[in-house]
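User: I'm new to this one and would like to know what stands behind the labels people put on it. Can you take me through it?

Analyst: Sure, have a look first and then ask away.

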Amino acid sequence: MELNLKGTGLTSTLRCSLKCKLCCTFSPYYDPAPHFHSKYIEKEIVKYFEIVNHVEKFTISGGEPFLHEELYLIVDKISLYFGQIGVLEIITNGTIYPSDELIRVLIKYKDKMTIMIDDYGALSNKITNIRSLFDEKGIDYRVRNYNGDNLHCGGWVDFRDLSRKHFSNEEIQTKYEKCAYPGKLQFCFSIMNGEIHPCIPSRRCMELGIIAKNKEEYIDLFDGSISIEEQKQKFYNILNGKSLTACAYCNGLCDDSERFVPAEQL
Ligand SMILES: C[S@@+](CC[C@H](N)C(=O)[O-])C[C@H]1O[C@@H](n2cnc3c(N)ncnc32)[C@H](O)[C@@H]1O
Ligand code: SF4
Ligand code: SF4
């Protein structure tokens with residue numbers, strides 16, 4: 001059975017140089033923030049590409065990935081699977097100038113990579129230098145506007161309230177159907193801690209014990225008791241589901257979700 005995905009995010013670290021109140025990965029709310037050794041991440045990458053045949057966009061995210069001192073090793077490892085990846089993206093907040101080792105791999109793999117620089121205005125205080133570097137070295141990048149007018153997607157969504165808010169099956173399914181994650185994004189499968197969750201609110205609800213850890217609703221990459229085919233089937237079951245347990249507790253990412261000023265600091 002072939003498993004082709006639209007996108008997957010890899011959490012390299014939840015440490016960050018900023019403390020955004022509405023951070024969708026809840027990075028400022030961990031103490032200490034999870035940080036993953038490159039050797040551990042390499043094992044996640046091997047397992048992931050045993051299960052997933054092809055992913056259109058594989059994204060290294062965080063936290064702030066440019067804070068990960070071994071990001072270059074992670075990129076090197078992912079490069080072994082370029083045949084299974086459309087494009088490798090790194091998302092950064094424009095506050096950290098890349099290390100020499102990272103610059104070396106960004107140049108080496110520039111035909112297959114792109115950097116998404118989120119522009120949080122004055123907070124993203126290294127953007128000009130980073131852009132000059134990327135222009136000079138021919139590294140592909142895009143700047144996403146998250147300050148002033150014309151905010152990308154109209155601004156951010158507030159995922160913090162995870163109290164129960166939808167009750168009937170119909171209400172829960174309606175939320176799911178309106179949410180962009182299972183909809184147009186085909187989920188933002190997120191790898192962290194050896195697990196792949198279909199969206200971050202679902203992971204967060206399980207992490208906080210708001211809902212029980214339900215093995216049907218995430219993939220345990222290191223579960224040796226099930227076969228690769230069964231792991232693929234779990235992805236299919238999630239992709240073909242009608243809702244997640246967490247949808248009852250979540251505002252979702254919907255066209256009509258209220259939008260907020262991005263990157264307001266705690
Ligand atoms: C969690 S951040 C990690 C990468 C990096 N630290 C950054 O902020 O660019 C990943 C993406 O999620 C976006 N994001 C964070 N919180 C959000 C929210 N509440 N609503 C919508 N997008 C959000 C960020 O703008 C960024 O593009
Ligand atoms: S920059 Fe803001 S949105 Fe990005 S991970 Fe850090 S706290 Fe979260
Ligand atoms: S838990 Fe929230 S973000 Fe995830 S699919 Fe449901 S409504 Fe969307």
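User: What makes up the shell around ligand 1, by class?

Analyst: This is a predicted model, and in it that shell has 10 nonpolar, five polar and two charged residues. Leu22, Cys24 and Trp156 go in the nonpolar group, Asp118 in the charged one and Asn93 in the polar one. Those five come nearest of the 17 residues around ligand 1.

User: How do you know that a residue belongs to the surroundings of ligand 2?

Analyst: Its C-beta atom, placed from the backbone, has to lie within 6 Å of the ligand. For ligand 2, 13 residues surround it, the closest being Cys16, Leu18, Cys20, Cys23 and Asn93. By class, the shell has six nonpolar, five polar and two charged residues.

User: And which residues are closest to ligand 3?

Analyst: Cys179, Cys199, Cys247, Cys250 and Gly252, out of 14 that surround it. Helix 5 (169-178) and helix 6 (200-207) each give two or more residues to that shell. It splits into 11 nonpolar, two polar and one charged.

User: What makes a set of residues a nonpolar core?

Analyst: They must be buried, of the listed nonpolar kinds, and joined through C-beta atoms within 7 Å. The largest such set here has 51 residues, and Leu71, Ile74, Val75, Ile78, Tyr181, Ala246 and Cys247 have the most contacts inside it. Helix 2 (residues 71-79) gives the most to this core, with five residues.

User: Why is this core said to lie between domain 1 and domain 2?

Analyst: Domain 1 (8-161) and domain 2 (163-250) both give residues to it, so it lies between them.

User: Which residues does Ile74 touch?

Analyst: Leaving out residues up to four places away in sequence, Ile74 touches Ser12, Ser38, Ile41 and Ile60. There's also a second, separate core of six residues, with Cys20, Tyr120, Tyr146 and Ala263 among them.

User: How far apart are the C-alpha centres of the two domains?

Analyst: The centres of domain 1 and domain 2 lie 23 Å apart. The contact takes 15 residues from domain 1 and 16 residues from domain 2.

User: What gives the most to the side of domain 1 that touches domain 2?

Analyst: Helix 1, with five residues. Strand 1 (4-11) and helix 1 (38-51) each supply at least two residues of that side. By class, the residues there divide into seven nonpolar, four polar and four charged.

Terms used:
Residues are numbered from 1 along each chain as its sequence is written. Chains are lettered from A and ligands numbered from 1 in the order in which they are written. This is a predicted model: local features need pLDDT of at least 70, side-chain atom pairs count only at pLDDT 80 or more; totals for chains, interfaces and linings use all residues. A residue is buried if 20 or more other C-beta atoms lie within 10 Å of its own, exposed if 12 or fewer, and partly exposed in between; C-beta atoms are placed from the backbone. Helices (H or I, at least four residues) and strands (E, at least two) are DSSP runs, numbered from the N terminus. Domain bounds come from an automatic or database domain assignment. Two residues are in contact if their C-beta atoms, placed from the backbone, lie within 7 Å.
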